[in-house]
Amino acid sequence: MLTCEQIESYVASIPSLSKNVRECLKYLDDGNLGLCADTASHDKALMFYLASIVNKPIFGFRNDISNPRQIFSILGVVRAKQILYSYYISLITPKKWEVFDFSTQKFQDFQARLIFKWEKILKSLNIENEELSMAVTIIPASLAFCDMLFRDMLDIVLPLREVKQISYEEILYKTSQKTFFDICALVAKKWDFSTDIVDFIVDVGNKEVKSDEKHLAVAYLRMLLLQEMSTPTMMQGGFNDFFEFELDFSEEMLGNFFKLIEKNLA
Amino acid sequence: MKPIVKNKIAFFHPQGFIDGENVLEIISPYEIEALKPIKPIAVFISLKKIIFFNKKGISIALDYLTQIRDSCGAVIGFCDYDAKKFNLFGEMFSHNIFFSLFETEEVVNLFLGKIEKSEKEVKILIYNELADQKNQQAVELYERGYTPHVAKDLNEAKRGIKEFDYCVVNSYLGSMERNISIFIKNNVIVYTLKSFVDSDISKSFDEIYHENLLRVGFKVFLFDAQGVSFINVHGVNYISRLSNACAEYGATIVIAGLDNNKITKTLKQDLQDSGVLIYRDMKIFFDDKKAIADLIENHSAIRKNIGVTKQLVNVLPYITDATIRTVEVLSNMKAIKKSLQIQFLQIGSHDLSLGACIGMYGDFNGILVLIFDKKLAQQACRILLEDSKSSEADLLDALGEFVYIIGGKIINQLLRQNIKIDITMPRTFDTISNVLSLNKDNKGVQVDLDVSGQLLTLFLTK
């Protein structure tokens with residue numbers, strides 16, 4: 001069905017970060033939001049994307065924000081980085097979704113929700129780790145990877161999923177020994193994400209996670225993804241049984257997660 | 001959400017959360033309407049991948065499940081959960097549960113689905129705090145031929161867990177009053193009749209499904225009348241009519257458990273006159289191995305030598321392409337057509353082969369038989385098998401699913417040519433002699449394929 005070679009060739013076809021985005025990221029690393037905004041303003045598509053994300057209701061700004069410097073000062077370094085990566089991911093999403101009933105607009109909404117909710121979760125866990133904040137930006141790409149990888153074999157995948165309860169991730173894993181998180185990690189590596197982020201992304205798809213702090217963050221990210229994939233919009237898109245997670249959450253974790261959802265994320 | 005229907009049991013497999021907001025994406029009037037024509041014997045929502053559910057979500061799901069139950073008498077409920085979720089159901093519904101709860105899909109199948117081949121050897125442990133539940137569960141399983149061990153207390157149940165193949169310790173039987181249930185045992189289709197059998201049998205009996213079973217070559221249909229209180233003239237006429245229809249395919253109807261208190265002498269004679277065989281109970285019938293073998297070997301079908309038609313030849317390229325494409329995609333191997341002949345099914349040295357067939361009906365009728373080298377079957381079904389340690393029964397199940405996928409693809413391919421067909425459930429064969437016996441009298445188109453040095457035989461007949 002899918003071979004490692006096919007996956008590698010797909011990852012190779014994903015473009016590297018543009019010079020402009022690299023420069024923006026460099027300025028953000030230096031903490032220079034102003035220069036970053038000026039550089040970003042040369043890329044109209046990027047500015048349009050940034051404005052559309054920042055003005056989404058989930059971020060809760062009352063007035064329409066369109067000035068580049070204003071956008072970057074509101075976002076701050078970490079969130080600006082997250083949104084720059086999200087922009088790049090939006091460039092590799094399909095123009096027309098074929099496996100899922102989805103659209104660019106819905107994809108961007110999903111990206112925004114994930115970033116926003118993940119930040120709240122990390123805050124509630126008292127985890128101040130920029131790397132972990134960044135890791136969530138790459139995960140929505142898995143939806144696009146799936147659509148691109150499976151579209152040519154939909155004539156077999158659809159009847160297969162009618163006779164057997166099998167998630168897209170399980171199909172992928174059984175045929176190539178890779179999870180969507182492995183593919184995300186390959187792309188993250190290509191885009192010069194740090195080794196910590198790459199490892200964390202792989203861990204989300206792994207059955208076993210070693211380190212304690214990581215384990216907690218991995219578990220909460222899995223719960224967040226499960227919760228997201230259970231929302232009516234994502235279910236209508238066909239994403240409900242997309243990932244294949246070990247559901248080994250403790251009662252305490254689940255309780256905390258639900259409290260968090262009720263308080264902040266509902 | 002589309003349920004997966006296997007042996008007339010429908011399973012929904014949601015993941016993550018079930019609440020009032022998303023439950024309509026799992027089950028809604030749309031799913032109910034789609035399920036009604038299938039006349040499922042049971043509809044379950046699997047909670048295997050659910051980490052959270054609330055009462056509102058479950059209650060709405062139950063409203064829709066109840067509609068299915070009212071419409072076709074299906075057993076409804078939830079399955080695949082742990083002890084905590086099981087207790088949660090008790091609390092949510094104040095221990096006033098009107099639906100069924102089975103801890104795994106396998107337990108659902110124990111009570112309602114396919115019978116294990118050697119059910120006497122299957123070790124089942126039952127324990128329930130409620131004595132009436134414990135007894136009811138034991139009786140249901142006994143009726144299906146199993147001999148479960150009933151634990152006296154929780155400690156005994158806990159101690160015994162490792163010694164048993166199945167442990168039914170967190171299950172609850174809601175209303176099991178289904179009109180007709182169906183399962184397959186030793187290549188015999190068993191329909192279980194309950195209470196009073198009258199003209200209503202025509203409403204609850206799924207004739208389309210029955211005819212599909214005939215199409216794929218099942219030869220013996222057993223009506224288990226153990227739970228019947230009385231059968232009247234309308235019930236008898238209906239079964240006699242089925243018996244006549246079966247004769248066309250060389251199939252036989254058997255009734256077990258119909259003693260003289262349940263039927264008049266005249267009506268019993270009428271049944272026998274229409275070719276129905278009557279046995280005192282199911283056990284006696286299944287112990288009569290020779291009789292079963294004779295019935296299965298029966299070649300007195302009226303439909304003989306139907307062979308190959310022009311229509312069949314016309315659709316052959318689509319069927320061959322669909323098969324090749326499915327095999328190639330699922331096995332990652334190249335399939336090459338070696339030969340094509342119109343002939344009786346001929347199989348060379350297929351000692352280690354497995355077979356599967358599927359019936360097609362609608363704008364054209366036909367049967368597609370596929371015979372795989374065992375190794376090829378394992379490679380082709382890799383994605384459908386749970387793990388590498390799968391048994392031969394698992395492989396046969398997976399092969400059935402594989403052929404069903406090919407069937408799904410054939411439907412779509414033919415639809416593009418304005419040929420509308422539907423497919424039957426698949427039938428699998430663990431020996432080639434069974435495949436040969438099914439197709440002994442019919443010519444068909446045989447296509448031999450080479451799949452990376454292994455043989456795959458495709459046989460299409462009417």
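I began with B:Phe52, which I found in strand 5 (residues 49–53) of chain B, bearing in mind that this is a predicted model. Its relative accessible area is 24%, so I entered B:Phe52 as partly exposed. I then looked for what B:Phe52 touches beyond four places in sequence, and listed A:Phe258 from chain A together with B:Gly16, B:Phe17 and B:Ile18 from chain B. For B:Gly16, which is 36 residues away from B:Phe52 along the chain, I noted a C-alpha separation of 6.7 Å.

Next I turned to the nonpolar cores. The largest one has 156 residues, and A:Met1, A:Leu143, A:Phe150 and A:Trp191 have the most contacts inside it. Helix 16 (residues 392–415) of chain B gives the most to this core, contributing 11 residues. Another core lies apart from it, with 81 residues that include B:Val108, B:Tyr146, B:Val197 and B:Cys246. Returning to A:Phe150, I set aside its neighbours within four places in sequence and recorded contacts that include A:Met1, A:Leu2, A:Val99 and A:Phe180.

Last, I checked the cysteines. How many disulfides are there over all chains? I counted zero. For A:Cys36, the nearest cysteine sulfur belongs to A:Cys24 and is 4.2 Å away; because a disulfide needs two sulfur atoms within 2.5 Å, I left A:Cys36 out of any disulfide. A:Cys36 has 0% relative accessibility, so I counted this residue as buried. A:Cys184 is likewise in no disulfide, with the sulfur of A:Cys146 as its nearest, 11 Å away, and I noted A:Cys184 as buried because its relative accessible area is 0%.

Technical notes. Residues numbered from 1 in each chain as written. Chains lettered and ligands numbered in written order. Predicted model: local features only at pLDDT ≥ 70, side-chain atom pairs only at ≥ 80, totals over all residues. Heavy atoms only, no water. Helix = DSSP H or I, 4+ residues; strand = E, 2+ residues; numbered from the N terminus. Buried < 20%, exposed > 50% of the residue type's maximum accessible area, 1.4 Å probe, protein only. Contact = heavy atoms within 4.5 Å. Core = buried A, V, L, I, M, F, W, Y, C linked by side-chain atoms within 4.5 Å.
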